[in-house]
Amino acid sequence: MSFAFVAADLTARRAAGLYRHRHLVEEAEPGRLRLDGRWYLNFSSNDYLGLAYSPELQSVAESCARQHPSGSGASPLVTGHLQAHTQLEDYLAQQLGRDRVLLFSSGFAANQAVIQTLMRHGGRILADKLSHASMLDAAQHGPARLQRFRHNDAGHLGQLLDKTKDDCLVMTEGVFSMDGDQAPLAKMVLRVNDAGALMLLDDAHGFGVLGNTGLGTVQAMGLDQSRVPLLMATFGKAVGTSGAFVALNETLYEYLLNFGRHYIYSTAISPLMAALTLKSLQLIETQGWRRQRLQDNIQLFRRLANQAGLPLMESQTAIQPLLVGSVTRTVQLAEYARQRGVWLTAIRPPTVPPGSSRLRITVTAAHEQAQIKALVKVVAGGYALGQ
Ligand SMILES: Cc1ncc(COP(=O)(O)O)c(C=O)c1O
């Protein structure tokens, strides 16, 4: 029978304890969600600033819905590029000090577009070992040669760069999605710029959260367009909406507009979503208290977790993984927490390397101190049982 691999792959996945399924969230509010009629504390969300479910953004959404159409009705080069898109692009370009911004329906599509389009004639791609699937997939599906440097190792990147004469794209993340640690970008960009290579930074988890006004890793580290010519971030995390953008110089912008198949052959993002995203970005800029509260919550979590003897990773960001190791134990620990009203996601291979399964705990600005205390108590209780 053809497609016999479908059943075989599913059976193998089930046997390895790695089978995936979705959970229906019936209702959610900042920091909490309801499934199967039961409310849980939510420590699995990327809504780092607590905006997605905030009454404030909800009421802005209602007024945007009265002013903007829900759909753009066409791809951007046909008739889908509307006022709401230009306003969002211009705001981002101006805030970030970049020539241009292009909008995409998701961060996954944005990464595919940049990487596949710029590497369509081959060349070399150097990627951090822990780069997100959206970057690695794009890198693997084109004619360019992909090499991966050791995680956050600017020295190793430098050695690989020394050997390159080709067009070379270097890619990494501002904040790593499963580890929460940050790239040593200042060191990396010097080497990348010296070698004449292009730097692509995926700041999905830093944008909105880091920097004085929430412009992310480039703002926190003072890296302008000449240092990081390609900046990608998604709206689906701290911004609390959906879609993504790429900020870039005029020439690269023109190139993507002319050759970027993910941009050209896809419906422009919803104008309603673009307008709402702009409003959310303005809230992020002015509501520094959200970032401050997130920082306070991260520090509180780390202090309590240390006191409870939990082995935390190096992360200083909202992503605070608890490395467990075995798949079975990680799943058991997540289940233990759920039974006690705390929703945590067990992250298993292939999302993370074998032997490094973990609970990906995410702290947000929406959490109350008492909720963080409850989280640590539950996780420490479950962790101790498995020792
Ligand atoms: C590092 C990173 N890049 C890109 C993406 C994709 O973004 P989006 O969810 O908007 O497709 C994600 C989200 O899962 C991510 O974590």
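Start by selecting β14 (residues 357-362), where both faces are covered: S357, L359 and I361 on one side and R358, R360 and T362 on the other are all buried. Buried here means under 20% relative accessible area, exposed means over 50%, and partly exposed lies in between, with a 1.4 Å probe and protein chains only. Because six of its six residues are buried, β14 is largely enclosed by the rest of the structure. Strands (E, at least two residues) and helices (H or I, at least four) are DSSP runs numbered from the N terminus.

Before moving on, note that this is a predicted model, in which local features need pLDDT of at least 70 and side-chain atom pairs count only at pLDDT 80 or more, while totals for chains, interfaces and linings use all residues. Residues are numbered from 1 along each chain as its sequence is written, and side-chain values use heavy atoms, with hydrogens and water left out.

Now add the partners of β14. Strand β11 (residues 319-325) pairs with β14 in the antiparallel sense over six bridges; two strands pair if DSSP finds at least two bridges between them. Look for L322 opposite L359. Then show β13 (residues 346-347), which is antiparallel to β14 and joined to it by two bridges, with I347 opposite R358.

Next, select the ligand. Which residues come nearest? Of the 14 around the ligand, these are G107, D202, H205, T234 and K237, where being around it means having a heavy atom within 4 Å. By class, this shell has three nonpolar, eight polar and three charged residues. Ala, Val, Leu, Ile, Met, Phe, Trp, Tyr, Cys and Pro count as nonpolar, Asp, Glu, Lys and Arg as charged, and the others, Gly among them, as polar. Helix α5 (107-118) gives the largest share, three residues, and α5 and β9 (230-234) each supply at least two.

Zoom in on the polar contacts (pairs of N or O atoms within 3.5 Å; within protein, one must be able to donate a hydrogen and the other to accept it, and residues adjacent in sequence count only if both atoms are side-chain atoms). A backbone N or O atom of F108 sits 3.0 Å from a ligand oxygen. The side chain of T234 has an N or O atom 3.0 Å from an oxygen of the ligand, and a polar side-chain atom of K237 is 3.1 Å from a ligand oxygen. The protein covers 81% of the 390 Å² of accessible area that the ligand has on its own, by the Shrake-Rupley method with a 1.4 Å probe; for residues, only the protein chains shown count as cover.

From there, pick F235, in the loop between β9 and β10 (244-248). F235 counts as buried because its relative accessibility is 0%. Leaving out residues up to four places away in sequence, F235 touches residues including L88, L92, L103 and T277, with contact meaning heavy atoms within 4.5 Å.

Move to T172 in strand β7, also at 0% relative accessibility and therefore buried. Beyond four places in sequence, T172 touches ten residues' worth of neighbours, among them F149, L185 and D202.Finish with α7 (154-162). Its buried residues are A154, H156, L157, G158, L160 and L161, and they pack against β5 (124-128), β6 (145-149), β7 and α8 (185-194). At the start of α7, a side-chain oxygen of D153 comes within 3.1 Å of the backbone nitrogen of G155. In the loop between α7 and β7 (168-173) lies D166, partly exposed at 45% relative accessible area.
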